Amino acid sequence: MDEQALLGLNPNADASYQQRALAYFEQLKESPDAWQVCAESLAKGLYSDDHVKFFCFQVLEHQIKFRHGALSAAQQQLFRETLMKWLQTQMMNSQPEKAFIRNKAAQVFALTFVAEYLTQWPKFFFDILSLIGLNPRGVDLYLRMLMAIDAEVVDRDIHHSSEARPTFKETRRNTLIKDTMREQCIPSLVESWYRILHTYQHTHSELTCQCLEVVGAYVSWIDLSLIANDRFVNLLLSHMSVEVLREEACDCLFEIVNKGMDPVDKTKLVESLCQVLQSAGFFNVEQEDDVDFVAKFSKLVNGMGQSLITSWTKLAKAGDMKNSQETLRALETKVPLMLQLLVHEDDDISANIVGFCYDYLHVLKQVGGLNSSASWMAIMLAVMKKLTYDDEYNFENEGEDEAMFVEYRKQLKLLLDRLAQVSPELLLEAVRRVFTSTMQSWQTAPFMEVEVAIRLLYMLGEALPASQGAHFSGDGAKASALQDMMRMLVTCGVSEYQHTSVTLEFFETVVRYDKFFIVEPQHIPNVLMAFLDHRGLRHSSPKVRSRVAYLFSRYVKTLHKHMNAFIEDILSQLQDLLDLSPPENGYPPLLTSDDQLFVFETVGVLIVNSEYTAQRKQALMRNLLDPLMGTFKLLLGKLLLEQDEERQSALADCLNHAVGFARYFCKPHTV
């Protein structure tokens with residue numbers, strides 16, 4: 001080995017050494033015999049440097065991936081023997097290798113397995129197991145190998161070639177490997193897993209968790225009866241009571257529950273699991289402080305609930321009334337736990353159960369019954385509660401936590417839509433009750449209660465769909481309820497609430513239901529004032545001003561025919577917002593140039609669609625465009641004389657904005 005080149009493997013080595021190491025690696029990859037040098041170095045422990053060991057495994061990885069077919073039978077035998085020698089030394093070393101080296105070694109073992117299991121090395125697992133026994137370090141490497149094999153052969157999330165998906169040849173090979181494993185060694189592997197779990201559950205939690213991860217990965221394609229039996233499941237359930245094991249045990253049980261199987265058997269499996277979990281106190285989630293565990297448990301309950309729903313659906317379709325009714329009864333007994341998890345204060349825990357809730361509402365829609373309205377209302381109240389912002393939400397500097405809550409709200413919206421499908425009348429009445437109560441006392445209510453009340457009204461627009469937004473015609477009861485709520489929204493004064501979330505929700509809702517103002521146009525002046533004053537375009541928050549500029553353009557496009565009496569007032573109030581802001585004035589404008597585009601377009605819509613004479617329209621347009629053109633000429637002159645490149649760029653940007661403003665202003669004329 002080139003010792004000088006190996007020095008470049010250290011991340012702290014200088015660039016020239018690193019370049020030499022890279023060139024040496026390329027040289028070794030192309031050499032037909034270099035792998036033997038690397039394999040011998042590993043087997044004999046010639047190097048203590050971790051980076052050199054990793055380098056040697058990389059050379060072996062390249063050999064098995066791309067040059068395995070070029071090896072003779074004797075060389076392939078030597079390759080296998082060298083790997084086994086290295087494995088043997090690991091069990092005797094005073095210290096284990098670093099995790100990144102063990103992972104790379106496991107990958108090389110896995111690639112060798114894929115290449116040789118069906119031909120030269122059918123006893124791969126038996127050789128490994130007979131060598132390692134229950135040696136902790138050997139077990140660690142064995143479990144890492146199993147996960148690496150899963151990644152190469154089974155895991156659908158990993159692509160095994162440079163193409164977008166595995167080739168037909170790879171897929172066929174992987175299927176053949178799994179079929180052969182099922183026939184020859186899976187029972188022995190399962191037995192080894194049981195022994196590892198049983199032996200190390202109290203002494204080596206890391207090994208136990210690794211083994212639980214392996215069981216969870218393999219259970220999707222092996223015979224479930226090998227795992228879903230009293231001996232194995234009772235062991236897994238006992239791990240649920242061990243703090244360092246229970247999260248991994250939860251994940252493992254989730255994979256078992258998720259496995260496709262006969263619907264009657266699946267119901268029995270879920271019920272037996274639930275009985276043990278409930279008797280052990282796991283259903284009392286409000287008494288558990290470990291939110292990470294409860295999040296895993298919520299995912300498990302979600303899996304059990306969805307599995308029962310799938311079983312019920314299959315049995316009902318098959319006409320098996322007796323078993324479908326039993327499954328439905330089993331499902332109903334899980335609803336209280338589902339609701340506990342849905343309303344949990346931790347959003348991750350709540351989010352993990354949403355799938356079960358969503359599917360359960362579909363069942364309610366199909367079966368109805370005495371309990372359906374109570375369950376529906378409980379889910380509705382939970383959704384309302386969980387939609388509410390908490391005190392820690394940072395509206396001024398939204399980060400990862402805030403982004404996660406926004407995504408979680410989207411999941412809750414899907415639940416609300418499903419609630420509407422089950423009973424639109426109940427949803428409308430529930431929202432009306434909350435909205436009316438909150439708007440009557442908005443002056444003293446916390447911002448989060450006011451925001452969520454308006455938000456619920458906004459969300460009704462999609463939950464109760466109407467053709468082209470015609471919410472205020474057709475269905476009399478629905479139209480009347482929405483009309484009452486919109487009337488209250490625009491007359492109760494809530495637009496004055498001093499919180500950006502409430503302000504934004506007010507304007508979003510006004511624009512979503514803009515057709516309300518066609519039915520009751522008398523409210524347009526007050527809403528126009530809100531758009532134009534400190535509540536909207538002149539709000540202290542740039543975020544609010546920006547969004548309102550866009551929403552105002554949408555509002556005017558729908559309702560311009562009802563605004564003729566107010567056009568000149570609107571234009572006078574917008575005049576200063578249309579000014580082109582030169583780069584040298586030093587004052588940040590209220591609106592960004594992008595926001596101003598919407599305002600210019602809005603003004604154009606108002607003038608073009610007004611009832612003024614052509615001459616009056618022309619005069620109004622000239623009043624607005626002349627200042628823009630004047631500033632444009634002034635800045636153009638400055639640009640021609642400017643020598644500084646940075647100033648030139650700023651002036652050119654400003655001129656570009658002026659052209660954009662004029663184009664948007666004229667846009668309504670060309671439609």
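Okay, let's start with one residue: Leu 456, which lies in helix H22. Keep in mind as we go that what you have in front of you is a predicted model.

So, is Leu 456 buried or exposed? Its relative accessibility is 1%, and buried means under 20%, so Leu 456 counts as buried. And what does Leu 456 touch, once we leave aside its neighbours within four places in sequence? The list is Met 380, Met 384, Leu 387, Leu 416, Val 431 and Val 434. Here's another way to see how the chain folds back on itself at this spot. Leu 456 and Lys 413 sit 43 residues apart in sequence, yet from C-alpha to C-alpha they are 9.4 Å apart in space.

Let's zoom out to the whole chain. How many helices and strands does it have? There are 31 helices and 0 strands. The chain has 671 residues, and 49% of them count as buried. Now take the contacts in the chain with a separation of 6 or more: 71% of those are between residues 24 or more positions apart.

Next, the core. The largest nonpolar core has 208 residues, and the ones touching the most other members are Tyr 142, Met 181, Trp 193, Phe 297 and Tyr 555. Which helix gives the most to this core? That would be H22, residues 447-463, with 12 residues. Yes, that's the helix where we found Leu 456.

Pick Tyr 555 from that group and look around it. Not counting neighbours within four places in sequence, Tyr 555 is in contact with Val 510, Val 511, Asp 514, Phe 517, Ile 524, Val 527, Leu 528, Phe 531 and Met 563.

Now some helix packing, beginning with H16, which covers residues 321-342. H16 packs against H18, residues 354-367, at an angle of about 135°, and their axes are 11 Å apart. Because of that angle, H16 is oblique to H18. The crossing of these two is left-handed. Who meets whom here? From H16 we have Leu 328, Leu 331, Glu 332, Lys 334, Val 335, Met 338 and Leu 342, and they meet Val 354, Phe 356, Cys 357, Tyr 360, Val 363 and Val 367 of H18. Sorted by type, the residues of this contact are 11 nonpolar, no polar and 2 charged.

H16 has another partner, H19, residues 372-386. How do the axes of H16 and H19 cross? They come within 10 Å, at roughly 10°. An angle under 35 degrees counts as roughly parallel, so that is what we call H16 and H19. H16 passes H19 in a left-handed crossing. On the H16 side, the contact is made by Val 335, Met 338, Leu 339 and Leu 342; on the H19 side, by Ser 375, Ala 378, Ile 379, Ala 382 and Lys 386. That contact divides into 7 nonpolar residues, 1 polar and 1 charged.

If you look at the spacing along H16, there's a handy rule to remember. An α-helix has 3.6 residues a turn, so residues three or four places apart point the same way.

One more pair: H23, residues 476-491, and H24. They pack at about 135°, with axes 11 Å apart, and that makes H23 oblique to H24. Again, H23 passes H24 in a left-handed crossing. Met 486, Leu 489 and Val 490 of H23 make the contact with Phe 506, Thr 509 and Val 510 of H24. The split is 5 nonpolar, 1 polar and no charged. And notice Val 510, which we already saw in contact with Tyr 555.

While we're on H24, residues 500-512, that's also the place of Thr 503. Thr 503 has a relative accessible area of 3%, so this residue is buried. Leaving out residues up to four places away in sequence, Thr 503 touches Tyr 497, Arg 535, His 539 and Val 544.

Two quick stops before we finish. Leu 253 lies in helix H13, residues 246-258, and at 1% relative accessibility it counts as buried. Beyond residues up to four places away, Leu 253 touches Leu 236, Leu 237, Met 240, Leu 273 and Leu 300.

Finally, helix H3, residues 34-44. Which of its residues are buried? Ala 34, Trp 35, Cys 38, Ala 39, Ser 41, Leu 42 and Ala 43. Just after H3 comes Gly 45, which takes a positive phi of about 65°. That's my tour, thanks!

Conventions. Residues are numbered from 1 along each chain as its sequence is written. This is a predicted model: local features need pLDDT of at least 70, side-chain atom pairs count only at pLDDT 80 or more; totals for chains, interfaces and linings use all residues. Side-chain values use heavy atoms; hydrogens and water are left out. A nonpolar core is a set of buried Ala, Val, Leu, Ile, Met, Phe, Trp, Tyr and Cys residues joined through side-chain atoms within 4.5 Å. Buried means under 20% relative accessible area, exposed over 50%, partly exposed in between (1.4 Å probe, protein chains only). Helices (H or I, at least four residues) and strands (E, at least two) are DSSP runs, numbered from the N terminus. Contact means heavy atoms within 4.5 Å. Axes are lines fitted to C-alpha atoms, for helices over the stretch in contact, and angles run from 0 to 180 degrees between N-to-C directions. Angles under 35 degrees count as roughly parallel, over 145 as roughly antiparallel, 65 to 115 as roughly perpendicular and the rest as oblique. A crossing is left-handed if the near helix is turned anticlockwise from the far one by less than a right angle, and right-handed if clockwise. Ala, Val, Leu, Ile, Met, Phe, Trp, Tyr, Cys and Pro count as nonpolar, Asp, Glu, Lys and Arg as charged, and the others, Gly among them, as polar.
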